[in-house]
Amino acid sequence: MDITTTPAWSAALKCADLISQTTLKDLFARNPARAETLSVELLVGEDILLVDFSKQNVDEDAVQCLIAVAEQAGIEQKRNDMFEGVIVNGTEQQPALHTALRRTADSAVNVDGVDVMSEILRVRAQVNEFAESVRAGRITGATGKKFQSVINVGIGGSDLGPTLVHEALTSVSAPAVKTHFVSNIDPTEVRSALRECNPETTLVVLCSKSFSTAETLSNGRIIAQWISDAVGAENVSKHFSVVSVFPEKVVSAGLLADYAFPMWSWVGGRYSISSAVNLVNVIAFGSNAYNNLLSGMRSMDEHFMTAPLHSNAPVLMGMLNVWNRSILGRETRAMVAYSTALKSFASYVQQLEMESNGKRVTTDGDLVSIPTSPIVWGGVGTNAQHAYMQLLHQGTSVVPADFIGVAATPTHDGAAHDALVANLFAQTQALAFGNVTDSHRTLPGNRPSTTLMLSALSPRTLGALIALYEHSVFVQGCVFGINSFDQWGVELGKKLASEVSAQISAPSQSGGADASTAKLVQWYKTHRSNT
Ligand code: F6P
């Protein structure tokens with residue numbers, strides 16, 4: 001169904017016309033209670049997640065219109081289908097069951113008539129047991145020494161989630177091992193990680209759902225050789241764990257692994273942080289932290305499943321993104337975390353959202369009739385204020401922004417933390433209300449933002465935050481009418497990269513490339529060198 005043909009969509013367009021004649025200043029003057037009515041507070045264990053939508057360019061009527069669009073798009077039925085394991089990824093004939101990965105054993109989830117919960121719980125226990133054994137020194141390297149370093153090798157969803165969780169949890173507790181993340185095929189990255197490790201005391205966690213990703217296999221081979229040189233080829237497997245749907249491919253890729261952790265084809269890479277892909281962090285922070293991360297994600301899953309649409313945080317967030325992108329035409333959205341521990345959150349959401357919803361064809365194979373995913377970008381505050389916030393305040397593009405903050409600091413530096421949070425709130429104020437002075441100093445205001453506050457950064461609140469964005473991406477995909485769970489757009493680049501690699505390795509100029517690429521290949525072959 002094309003959402004733009006529905007009366008709900010036409011009504012939303014009319015609401016947008018009306019809203020464009022008001023400003024956030026007017027809207028707050030008209031309804032001083034909007035900070036209450038346009039925010040959602042959620043209990044996550046003992047912590048709280050507050051999502052304040054009141055600085056978005058909407059009033060109650062616009063929100064009602066957006067909820068009507070969500071209903072028309074069949075959000076509730078589609079959400080239930082996703083949670084129950086119905087095939088929602090049509091081009092790959094797969095369900096999208098990341099939510100099952102954090103469930104408890106209270107109910108069955110069937111894929112092809114088989115309950116997958118017992119296998120999920122078995123692997124969860126395997127991950128916890130292995131990680132605790134590494135932490136305790138019961139599992140050691142080939143020479144019997146306790147592992148001191150873990151290198152996570154993976155890219156995209158096999159890197160961004162583990163990196164985000166690692167940075168976030170490092171701010172609240174010290175990791176039990178020194179951890180490195182190697183993702184790029186650029187060999188300088190893996191070499192600089194290896195310079196900081198001792199092969200005898202290094203464990204590799206190689207994450208690749210497909211076990212065919214060039215970057216990951218290349219880095220895996222370099223590290224396997226480095227370990228082999230130190231402890232012998234026959235002992236490499238004592239230092240290699242692998243997380244993949246296809247652990248059996250390990251040997252044919254020239255690697256050896258004693259420790260294999262399965263994942264499943266029905267978990268998208270960018271949705272995989274609740275799977276064994278998080279192994280590096282279970283080793284670093286322990287099984288309790290992992291279980292709490294899953295519990296926080298579960299809290300958000302339950303909220304998404306049960307809260308009425310008008311007070312459902314992922315639904316409101318997703319629909320406000322549709323409002324900004326597809327109705328008001330805002331091309332990009334910024335994400336600024338006022339927490340160094342969350343410095344990779346923008347990159348994480350960038351993959352989640354742009355790889356899921358950066359599509360131009362509907363599930364029926366037609367061209368979409370509205371703009372889909374915004375370009376998601378951002379970083380960390382207050383640094384952002386000294387770099388790109390100028391454009392958000394005074395540029396010619398309106399850039400909606402998500403601001404994320406944390407109330408508690410794990411340090412004793414309360415005054416500095418107060419200043420950090422004050423800056424976050426001040427940015428949202430300046431964007432919303434601006435000021436009028438002379439032409440160069442005027443900030444027009446009326447620029448939308450959402451503020452997300454965690455009472456504390458913990459495995460639980462982090463889990464809830466991640467799941468909030470996962471579900472908000474799903475909500476938008478439902479309205480766009482696209483499949484949020486495939487990523488065919490990345491395939492051509494991979495195929496061409498292997499063709500260009502062959503051209504680079506060929507002794508003489510080979511055909512096949514366009515004139516520009518052929519010239520670049522030739523130029524590179526003339527100038528390349530390695531030591
Ligand atoms: O090429 C894109 C992609 O498939 C992402 O979707 C995925 O997260 C990443 O590559 C890594 O894939 P894998 O885990 O299979 O190595």
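Helices (H or I, at least four residues) and strands (E, at least two) are DSSP runs, numbered from the N terminus. A pocket is defined on a 1 Å grid over the protein atoms alone as an open set of points where a 1.4 Å probe fits, with protein on both sides within 12 Å along at least five of seven lines; lining residues have an atom within 4 Å of a point.

The model is predicted: local features need pLDDT of at least 70, side-chain atom pairs count only at pLDDT 80 or more, and totals for chains, interfaces and linings use all residues. Residues are numbered from 1 along each chain as its sequence is written, and side-chain values use heavy atoms, with hydrogens and water left out.

**Exercise 1.** Determine which helix gives the most to the lining of the second largest pocket.

Solution. Step one: the pocket holds about 680 Å³ of space, where a volume is the space filled by probe spheres set on grid points joined across faces, edges and corners. Step two: 35 residues line the second largest pocket, and Thr-362, Thr-363, Gly-481, Ile-482 and Asn-483 lie nearest its centre. Step three: helix H5 (75–84) and helix H16 (459–480) each supply at least two lining residues. H16 gives the most, with five residues.

**Exercise 2.** Characterise the largest pocket by its volume and its lining.

Solution. Step one: about 1200 Å³ of space lies in the largest pocket. Of its 41 lining residues, Ser-210, Thr-213, Val-490, Glu-491 and Lys-494 are the closest to the centre. Step two: the lining divides into 15 nonpolar, 19 polar and seven charged residues; Ala, Val, Leu, Ile, Met, Phe, Trp, Tyr, Cys and Pro count as nonpolar, Asp, Glu, Lys and Arg as charged, and the others, Gly among them, as polar. Step three: H9 (214–231), H13 (345–357) and H17 (491–505) each supply at least two residues, and H17 gives the most, with five.

**Exercise 3.** Locate the ligand and describe its surroundings.

Solution. Step one: the ligand sits in the largest pocket, as more than half of its atoms lie within 2 Å of the grid points. Step two: 15 residues are around the ligand, of which Gly-157, Ser-208, Ser-210, Thr-213 and Glu-355 come nearest; a residue is near if one of its heavy atoms lies within 4 Å. This shell comprises two nonpolar, nine polar and four charged residues. Step three: list polar contacts (pairs of N or O atoms within 3.5 Å).

- Ser-210: a side-chain N or O atom is 2.6 Å from a ligand oxygen.
- Lys-209: a backbone N or O atom lies 2.8 Å from a ligand oxygen.
- Gln-351: a polar side-chain atom lies 3.2 Å from a ligand oxygen.

Step four: the protein covers 88% of the 390 Å² of accessible area that the ligand has on its own, by the Shrake-Rupley method with a 1.4 Å probe.

**Exercise 4.** Identify the place of Phe-211 and its phi.

Solution. Phe-211 is in the loop between strand E7 (202–207) and H9. Phi of Phe-211 is near 50°, a positive value in a residue other than glycine.

Technical notes: Polar contact = N/O pair within 3.5 Å; in protein donor to acceptor, adjacent residues only side chain to side chain.
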